[in-house]
Amino acid sequence: MRVFSGIQPSGNLHLGNYLGAIVNFVSLQNKAECIYCVVDLHSITVWQDPNKLYKNIHEITAGFIASGLDPNKNIIFNQSKVKEHSELSWILNCVARLGWLNRMTQFKEKAGKNKENMSIGLYTYPILMAADILAYKATHVPVGEDQKQHIELSRDIAQKFNIDFKDRIKSIIQKDEFFILPKPLINGPVPRVMSLRDGQKKMSSSDLSDMTRINILDDEDQIYNKIRKSKTDSDVIPSDFLGVDGRPELKNLISIYAGVSKQSPEDVIKEFGGEQFSKLKKNLTDLLISEICPIGSEMKKIISDPLYIDEVLSDGAERARTISEPILAETKKIIGLA
Ligand code: TYM
């Protein structure tokens with residue numbers, strides 16, 4: 001079992017990243033060989049302020065470590081330090097089909113009506129993601145629900161490569177298949193955390209309003225304000241989880257509560273059934289302050305030592321390269337470039 005996953009340094013590390021992905025990264029570190037990447041090349045598919053990008057790379061790295069990822073046990077690095085990602089990405093660009101990319105819902109959502117003005121990188125972004133995973137022949141990819149379609153595309157690309165070059169693979173490595181088809185692991189505590197202002201939209205670092213998300217670096221006052229002002233409806237809380245159907249904002253707060261307190265949503269709804277939202281909001285605020293603020297404080301401590309972070313990233317990149325270099329070299333041989 002080899003695990004690969006990545007997070008973009010495109011702003012704030014938020015509760016969605018944490019509950020959808022990072023909690024799972026941490027639990028996997030004791031079960032598998034894990035590679036966790038700060039995907040800086042993905043982040044530049046939309047404009048990033050060059051004065052802030054390196055700081056953001058450091059912040060995500062600090063977030064990994066503060067959440068409990070051990071940089072000795074896991075390989076932690078930033079994508080642009082390992083050139084194999086970009087090189088394999090080009091090769092896979094030539095394997096993937098246009099029609100496959102045209103089906104990617106995330107591009108459609110991000111581009112909206114402004115498609116013609118988006119970068120080409122944003123469009124081909126899922127291919128770089130496939131290269132990230134396939135460059136390590138990762139078997140499992142822990143992600144939030146929004147990334148499922150991209151992992152499926154990675155599987156399609158791996159499969160097409162294996163079929164297109166079947167004979168060469170057989171003669172060069174004496175196997176039927178070269179790339180492993182990666183499996184998505186979408187089993188974080190909350191696979192889809194929604195915006196605090198709109199229960200139909202996912203929590204995201206690109207949302208213009210900071211009130212829509214809890215950032216791991218938020219302080220107590222910010223958490224208090226954001227939860228207090230989070231959208232709710234006017235009904236009382238039901239005692240049964242089935243009763244949250246059609247009430248997305250309630251469902252989101254209950255799911256967050258359950259994810260952070262490591263309980264099932266059914267148990268949480270029993271606790272708050274028949275109560276007003278004010279009680280749920282107060283308890284959720286206390287819970288977030290006690291569970292998330294310490295991670296944020298640890299993150300700040302780590303951020304204050306940039307030399308340490310640089311060391312972690314360089315060491316991680318070196319270890320990452322020992323895996324991806326031979327895989328890329330074999331890929332080139334298989335397709336006849338070497
Ligand atoms: P990114 O940076 O948008 O998000 C990082 C991880 O956090 C999860 N996530 C969420 N989970 C639950 N609820 C949310 N609201 C929420 N928002 C984000 C994402 O699902 C993801 O797991 N393309 C990827 C990064 C990537 C990658 C990879 C992932 C690049 N290469 C290779 C896995 C393997 C992305 O943009 O994630």
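**Exercise 1. What volume does the largest pocket have?**

Before we start: this is a predicted model, where local features need pLDDT of at least 70, side-chain atom pairs count only at pLDDT 80 or more, and totals for chains, interfaces and linings use all residues. Residues are numbered from 1 along each chain as its sequence is written, and side-chain values use heavy atoms, with hydrogens and water left out.

*Solution.*
- Step 1: a pocket is an open set of points on a 1 Å grid over the protein atoms alone, where a 1.4 Å probe fits, with protein on both sides within 12 Å along at least five of seven lines; lining residues have an atom within 4 Å of a point.
- Step 2: fill the points, joined across faces, edges and corners, with probe spheres. The largest pocket comes out at about 1,300 Å³.
- Step 3: check the lining. There are 49 residues, with Gln8, Lys110, Asp146, Lys202 and Ser204 nearest the centre.

**Exercise 2. Find what takes up the largest pocket, and its polar contacts.**

*Solution.*
- Step 1: the ligand's space is the largest pocket (a molecule sits in a pocket if more than half of its atoms lie within 2 Å of its grid points).
- Step 2: look for N or O pairs within 3.5 Å. A polar side-chain atom of Asp146 lies 2.5 Å from a ligand oxygen, and one of Asn17 lies 3.2 Å from a ligand oxygen. For Met203, a backbone N or O atom lies 2.9 Å from a ligand nitrogen.
- Step 3: now the cover. Taken alone, the ligand exposes 700 Å², and the protein buries 96% of that (Shrake-Rupley method, 1.4 Å probe).

Methods. A polar contact is a pair of N or O atoms within 3.5 Å; within protein, one must be able to donate a hydrogen and the other to accept it, and residues adjacent in sequence count only if both atoms are side-chain atoms.
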